[in-house]
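Work through the exercises below with the sequence and the model side by side, trying each task before reading its solution.

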Amino acid sequence: MIDFFYSEPMNTLSQDLYHFLVHYIGDRPDQRITFAEYMDWVLYHPQFGYYNNPTDSIGMEGDFFTSPHLGTDFAELLADCFWQMWQQLDRPDSFDLIELGAGQGLIAQDVLNYVNHRYPSFFTALNYHILEQSQSFLKRQRNYLYPWQTAGKLSWLTWDDLQPNSLVGCLFSNEFFDALPVHRLCWHQGQWQEIYVTVNAVHPDSAFQEIRDRPSDPRLAEYFDWVGIDVHRQNYSDRYCTEVNLKALASMERIAQSLKRGFILTLDYGYPASQYYHPQREQGTLQCYYHHRRHDDPYAYLGEQDITAHVDMTALERTGQEAGLETCLLTQQGLFLMALGLGDRLSQNNQHSQGSVMETLQRRESLHQLINPLGLGGFYVLVQGKEAKLDLPMPDPIQMV
Ligand SMILES: C[S@@+](CC[C@H](N)C(=O)[O-])C[C@H]1O[C@@H](n2cnc3c(N)ncnc32)[C@H](O)[C@@H]1O
């Protein structure tokens, strides 16, 4: 089956990316690439990809915003969690904290500031590292976080720096896994087909076509069994399409293997596999964001829009288990942040705020947004440990009023 897609009028960067893709796809043996490869190029092409675009992609001025854009509370609560992890590991002299996909570096700035003032002994042990692929974000991070680098508290790593069994501390990420390229699969007469992208032969100047064919990688069809989904008992319709994120598994495996002792903390939007691959979720979870508008056309605004898919939390959990990690916690962001003291911050803000009425109201609104179960509060939080446990007293589910 072939579908046609037409994109919007293109700016110069989009045109450059389009011409690159036309040549790149044309040079492939079958003149097609998997959707995952397409998504990888449009997001991460070193010059024209969305995440290397010089304009702001994340934040109120960009296309979407993330928890650290709501003020310093989010990162400070995470810092309280890192401090607890350090305690649980018996306060090692050196604690490596590695952030995957740090974006503008907001969390790093707020964590380092807060730990410096609040937990001096932990600060002495703390070594913050960032693992970032986007050249554009790397540049911003290096400017913004320069004082911490010169103070010897922060450095940048590459994936190759992650040696097996080498780290004591925590590897963490916020909205990293959802930004990785996904394979798209469709159910057709009792079998999986994969979506490939080719150049539109009818209107070669305007767009791409989707083609469906056998999966490009045997791991794709095996995946469902592995996460506990019996595809033949699910009654998927012939309209059913979904995603599989092999890169997320490879990344999780890599970070899990690099851990000698400590934790992996993942915050992201997603579902356990049973919900992700529910037969009623016929169109999968792929979404695009352009100027805070959500839509479902990954071929529009080439290199100018974010493309993202929910994360299969069961698959991350299982990958960690296979690499020797135990699940310490799988919960939702709202509950996790409440367990770390967000409720106290809320009541302190209401009763003893030092700022203006407007600042007090804004902070209250931000704290509510972080725990709203219909928004950021509904994100999943997965904590996995190697030779390490984390005991957080979890509160009851949150009711928003
Ligand atoms: C949606 S943004 C989230 C940014 C930030 N964590 C936040 O909460 O605002 C995804 C981040 O992951 C980075 N990223 C994507 N693939 C990566 C990879 N393979 N290695 C390192 N960073 C990556 C992107 O460049 C970007 O900084």
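The exercises that follow treat a seven-stranded sheet, its helices, a smaller sheet and the ligand site.

This is a predicted model, in which local features need pLDDT of at least 70 and side-chain atom pairs count only at pLDDT 80 or more, while totals for chains, interfaces and linings use all residues. Residues are numbered from 1 along each chain as its sequence is written, and side-chain values use heavy atoms, with hydrogens and water left out.

**Exercise 1.** Determine the strand order of the open sheet of seven strands, and state which strands stand at its edges.

Solution. Strands are DSSP runs of E with at least two residues, and helices are runs of H or I with at least four, numbered from the N terminus; two strands pair if DSSP finds at least two bridges between them. On this basis the order is β5-β4-β3-β6-β11-β18-β17, and the pairing is mixed. Because β5 (154–157) and β17 (326–332) each have a single partner strand, one side of each is left without a neighbour in the sheet. The twist from one strand to the next averages 20°. At the β17 end, β17 pairs with β18 (residues 380–386) in the antiparallel sense over six bridges, and L330 stands opposite L382 in β18.

**Exercise 2.** Find which strands helices α3 and α11 touch.

Solution. Contact means heavy atoms within 4.5 Å, and angles, from 0 to 180 degrees, are taken between N-to-C directions of axes fitted to C-alpha atoms, for helices over the stretch in contact. Helix α3 (residues 73–88) touches β3 (95–100), β6 (167–174), β11 (259–268) and β18, and its direction makes about 155° with that of β11. Helix α11 (residues 313–322) touches β11, β17 and β18, making about 5° with the direction of β18.

**Exercise 3.** Describe the open sheet formed by three strands.

Solution. The order is β14-β13-β15 with antiparallel pairing, and β14 (293–295) and β15 (306–308) are the edge strands. Strand β13 (residues 287–290) pairs with β15 over three bridges, and Y289 has D306 in β15 as its bridge partner.

**Exercise 4.** Which residues come nearest to the ligand, and which polar atoms lie at 2.8 Å from ligand atoms?

Solution. Of the 20 residues around the ligand (those with a heavy atom within 4 Å), Y44, T66, G101, E132 and N174 come nearest. Among the polar contacts (pairs of N or O atoms within 3.5 Å), a backbone N or O atom of G101 lies 2.8 Å from a ligand nitrogen, and a side-chain N or O atom of N174 is 2.8 Å from a ligand oxygen.

Note on methods:
A polar contact is a pair of N or O atoms within 3.5 Å; within protein, one must be able to donate a hydrogen and the other to accept it, and residues adjacent in sequence count only if both atoms are side-chain atoms.
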